[in-house]
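User: Could you zoom in on one helix-to-helix contact for me, then follow the packing wherever it takes you? Keep it relaxed, I just want to know what to look at on the screen.

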Amino acid sequence: MSVNPDRFLSDLHTLRQFGASGIGKGVVRPAYSKPDIEAREWLRGRMEEVGLTTHYDPMGNLFGLAEGTSLLLGSHSDSQPEGGWLDGSLGVIAALEVARASREAGGPPISVVSFQDEEGRFGVTTGSTVWSGGLNLEQADELTDRDGVTLAEARGTMAHLIGDWVDADRFTGFIEMHIEQGPWLDQAGEAIGVVSDIVGIRDMRITFDGQQNHAGTTPMHLRRDAFQGLAEFNALINERFRNVVTPQTVWTIGHVSLHPDAHSIVPGKTVFSMQWRDGDADRLRRMEEIIRATAQEVSEARELGLEIGPMLGLEPVTMDENLRTALKLSAELVVPGRWREMPSGALHDATNVARLMPVAMLFVPSIDGISHAFEEDTDERDLVAGLQVLAGAVASLQGQN
């Protein structure tokens, strides 16, 4: 098959216009927002032009289905609240171009997917988690975003589009192309990363309840300051993880909400996110034990109420050897000596899809390692190289059949 780089790049830039931020190439296209749904409807039209049968499942995952059994390619098209133009979108548009090129060449059938809410407005890779059976729809519908909107309410905005579930048995495997979202390929001047495995992730919300009071008249020794509880928790966690983690382990308190969030009031309540990632499931478990024990210790010492919300997460996943080999061989043909095998520290829909079928991933560089930001970008030559590697791998895999 022969992919068309100009057509591929044109589609990629067109998709960027849905929710364009006006700042660089950034996009604001959160799951179930108006720009997100408009983008999916545009994608549906492009899939139909390729000759694919389009279908939205109950989560809003958009499939472009080839006839019979096929390989599935794709990623997601929703964005972070302040996102880049390539995160997820690259994999969807690359899949579309490979499906189109294969059809034009009389090649094997290729199906395409854009999963919904990969960026976690309501959880962790929510659309593919529900589709793959990691969470049932009734439970997922109770999830809320940071503004208190439920997933059930958000799904309602697509009620006129959605249908039944797509049977995963119609797919022989899944390959997801993505930007690296890290610095390693860019710093090394390499063009392709073939993913060896994807780390596991854990994510929970922790609440400390103290006593709201006057900031000027309440003595320090009498305060039940919820924020001071968070500050102590953070310091203790960093120290207690020291002999448990590796240089590849990461943990983040990324969202903090204070109540009443005022200059002259001792905070009476803080709610914060706690997320940690590692490639070893046992290490993830040990970190959870430390987090829970430390939160309990702080709450007792500072006389704070404690609530720990449900823990969301995904297990570490190793990529399928056959699919990964096809990507490695294709990378050596397209960019000889300028590719590497590497783990993924970011989470992807492929983690969930691995419950149902063999999966693999390939990366292209992120300039300066930047992602989840308006500044996110990749040299177009690297984008095209990634497309060619994907197409070559797909062609070789179908040649095995």
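Analyst: Helix 1 and helix 3 make a right-handed crossing. This is a predicted model, so please read what follows as computed from it. Helix 1 covers residues 5-16 and helix 3 covers residues 89-104; their axes come within 10 Å and cross at roughly 145°.

Now click through the side chains. From helix 1, the residues in contact are R7, F8, D11, L12 and L15. Across from them, helix 3 puts in S89, L90, I93, A94, L96, E97, R100, A101 and E104. Sorted by class, that contact has eight nonpolar residues, five charged ones and one polar one.

While you're at helix 1, look at R16, the last residue of the run 5-16. The charged end of R16 sits over the ring of W85, 5.8 Å from the ring centre. If you carry on past helix 1, you get to Y32, in the loop that leads to helix 2 (34-50). Y32 has a phi near 70°, which is positive although the residue isn't a glycine. Y32 is also buried, at 4% relative accessible area.

D117 has a positive phi too, near 50°, and isn't a glycine either. You'll find D117 in the loop between strand 4 (110-115) and helix 4. With a relative accessible area of 0%, D117 is buried.

From there, go on to the aromatics. The whole structure has twelve aromatic pairs. One of them is F63 with W131, with 5.4 Å between the ring centres and 50° between the planes. That pair counts as tilted because 50° falls between the 30 degree limit for stacked and the 60 degree limit for edge-to-face. F63 is in strand 2 (residues 62-65) and W131 in helix 4 (residues 126-131), so their pairing ties together parts 68 residues apart in sequence. F63 is buried at 0% relative accessible area, and W131 is buried at 8%.

There's another tilted pair worth a click: F233 and F272, with 5.4 Å centre to centre and 50° between the planes. Here F233 comes from helix 8 (residues 226-240) and F272 from strand 12 (residues 269-278), so parts 39 residues apart in sequence are tied together. F233 is buried at 0% relative accessibility, and F272 is buried at 1%.

Back at F63 and W131, there's a bigger group to colour in: the two belong to one aromatic cluster with F115, F171 and F174.

Just ahead of strand 2, have a look at G60, in the loop that follows strand 1 (53-56). G60 is buried, with a relative accessible area of 1%. Leaving out residues up to four places away in sequence, G60 touches R40, Q116, M158 and I162. Measure from G60 to H160 on your screen as well: the two are 100 residues apart in sequence, but their C-alpha atoms are 11 Å apart in space.

One last stop, on the backbone. H259 and P260 are joined by a cis peptide bond, with omega about 5°. P260 is in the loop between strand 10 (256-259) and strand 11 (265-266).

Conventions: Residues are numbered from 1 along each chain as its sequence is written. This is a predicted model: local features need pLDDT of at least 70, side-chain atom pairs count only at pLDDT 80 or more; totals for chains, interfaces and linings use all residues. Side-chain values use heavy atoms; hydrogens and water are left out. Rings of Phe, Tyr and Trp (its six-membered ring) pair if their centres lie within 6.5 Å; planes under 30 degrees apart count as stacked, over 60 as edge-to-face and the rest as tilted. Helices (H or I, at least four residues) and strands (E, at least two) are DSSP runs, numbered from the N terminus. Buried means under 20% relative accessible area, exposed over 50%, partly exposed in between (1.4 Å probe, protein chains only). A charge sits over a ring if NZ of Lys or CZ of Arg is within 6 Å of the ring centre and within 35 degrees of the ring normal. Axes are lines fitted to C-alpha atoms, for helices over the stretch in contact, and angles run from 0 to 180 degrees between N-to-C directions. A crossing is left-handed if the near helix is turned anticlockwise from the far one by less than a right angle, and right-handed if clockwise. Contact means heavy atoms within 4.5 Å. Ala, Val, Leu, Ile, Met, Phe, Trp, Tyr, Cys and Pro count as nonpolar, Asp, Glu, Lys and Arg as charged, and the others, Gly among them, as polar.
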